[in-house]
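Dear colleague,

Please find below the structure I am handing over to you, together with its sequence. My findings follow directly after it.

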Amino acid sequence: MKKVLLNLVFLFALVCFAEAQEFKVADIFSDNMVLQQKINNPFWGWGKPGTKVTISTSWNPDKEYTGVVNSKGTWKIAVPTPAAGGPYEVTVTANKKKVFQNVFVGEVWLASGQSNMSMPLKGYYCQPVLGSTEAILSSAKKQIHFINIPTLAAYKPLEHFEAEWVKASPENVAECTAVGWFFADFLQRNMDVPVGIINASYGGSNIEAWMNAEACKQFDDIPVPPLSDETSPWISNVPTVLYNGMIHPLVGYGIKGIIWYQGESNIFNVPRYAPSVAAMVSKWREAWGLGEVPFYYAQIAPYDYKEWNFFTPQWPEVSAYQREAQRQCLTLIPNSAMAVLLDVGERYLIHPRRKKEVGDRLGMLALSKTYGMKGFEAESPTFSKMEVEGNKAIIHFDNQFNGLTSYGKTLELFEISGDNKVFHKADAYIDEEKGTVVVTCKYVAEPKAVRYAFKDFVKAELFGTGGLPVSSFRTDDWD
């Protein structure tokens, strides 16, 4: 009996060894994939050491790209991609042949974050996405492909997952991230190229789960869990686990940039949010090796967090403080920009229905900052500085494309304070000649600080004339 068991163990070991030696291309490559145009696009995988690997493409059939599986059983080959087009075939040959069909070349973006990014085009149960039916029905005419990375937490970096690229169609696009879809649709309508969206997002996730171990070790209070083979589809708030399970298997795939929508799950430690995002982005970029790829993110929308304030009594308007932290990310992360959502929030629904505005605004940032298109308002005007003239506080703004507007409505969301740090509702108006907002209050003779829309839930009232809302802000740093 003992000999039989030993034989079974030996046989099992041989099978595992054979499987480890089997030639394989990384799971991110499949039929219907979109490859980033005009770069040396890495292909990689596994196999028996010493095996020759050859890649050929239908866009350049006379050229082959070769490599060899190294002593660790891995291989990587860079394949130059042409200008946008398709469909093509890509053939990878070693001791067996793998042919990828219906491959397009265009613009590829990684979409990540928590539930407002993962929210599919069809919406959540009893939580709609406005315009979803029209978007679904028109999807067949679009050259948009997407892949949904399975939600999985892992306690060590993984290499594999089970998912494939699909071409958007009415039969499948309801499962695409709504923000990612509207972003891709915006790019395609304005650039006329195929667009690929890699959706690696997880509802309820905090920033620490998306940071790799090196990023987490920069902070004394983020303990990195010990390495293990444990995985779970239900964990979203343990440091490193979503990076390990959902980002690491993608690292190296050719992308143009990253879009990000996350932050609601980090309102319990607002001061550390901005440096955490900066650390995450830095390490993602380092891992990808593509330099400072664009990082465009959505500021969280207003929402009534009063029930959450039990845990954050020091920040009674915690949503405003988190939006402020997200504004600070702009100064910490090179080549980043923020889409302001102060006008799309819903008081009692943390998943706003107006996802098209989110995707479009991220798309405007990409068109302007990444693709160099000009002549339109791509960014919200941003608070710059406050000056005091007598009893007036003069608020200045950067990034004005064509001035400010309230669309004829009275500005109601400004508050002003003197030395006593007591804020009063202020009278405010736009000085159209100077592009400033003038703020006064009969109870404040010597202004020391001004706040705008610095509440959990508000509806934006101050915009650039292109329709982009100004973020909530404060001129003080009082606790």
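Helices H4 and H10 are oblique to each other, because the angle between them is about 45° and an angle from 35 to 65 degrees is neither roughly parallel nor roughly perpendicular. H4 covers residues 178-191 and H10 covers residues 355-370, and their axes lie 7 Å apart. The crossing of H4 over H10 is right-handed. On the H4 side, the residues in contact include Phe182, Phe183, Phe186 and Leu187; on the H10 side, they include Val358, Gly359, Leu362 and Gly363. Classified by type, this contact comprises twelve nonpolar, three polar and four charged residues. Among the residues involved are Arg189 of H4 and Lys355, Lys356 and Asp360 of H10.

Please note that the model is predicted. The mean pLDDT of the protein is 94, with 96% of its residues at 70 or more. Residues 4-19 call for separate mention: pLDDT stays under 50 there, and the model shows zero contacts for this stretch beyond four places in sequence.

I also examined a sheet. This open sheet has three strands in the order E1-E3-E6, paired in antiparallel fashion. E1 (24-25) and E6 (74-80) are the edge strands; each has a single partner strand, so one side of each has no neighbour in the sheet. Strand E3, residues 40-46, is joined to E6 by seven bridges, and the two run antiparallel. Within this pairing, proline 42 has alanine 78 of E6 as its bridge partner.

Yours sincerely

Key: Residues numbered from 1 in each chain as written. Predicted model: local features only at pLDDT ≥ 70, side-chain atom pairs only at ≥ 80, totals over all residues. Heavy atoms only, no water. pLDDT = per-residue confidence, 0-100. Contact = heavy atoms within 4.5 Å. Axes fitted to C-alpha atoms, helices over the stretch in contact; angles between N-to-C directions. Helix = DSSP H or I, 4+ residues; strand = E, 2+ residues; numbered from the N terminus. Parallel < 35°, antiparallel > 145°, perpendicular 65-115°, else oblique. Left-handed = near helix turned anticlockwise from the far one by under 90°. Nonpolar A, V, L, I, M, F, W, Y, C, P; charged D, E, K, R; others polar. Pairing = 2+ DSSP bridges.
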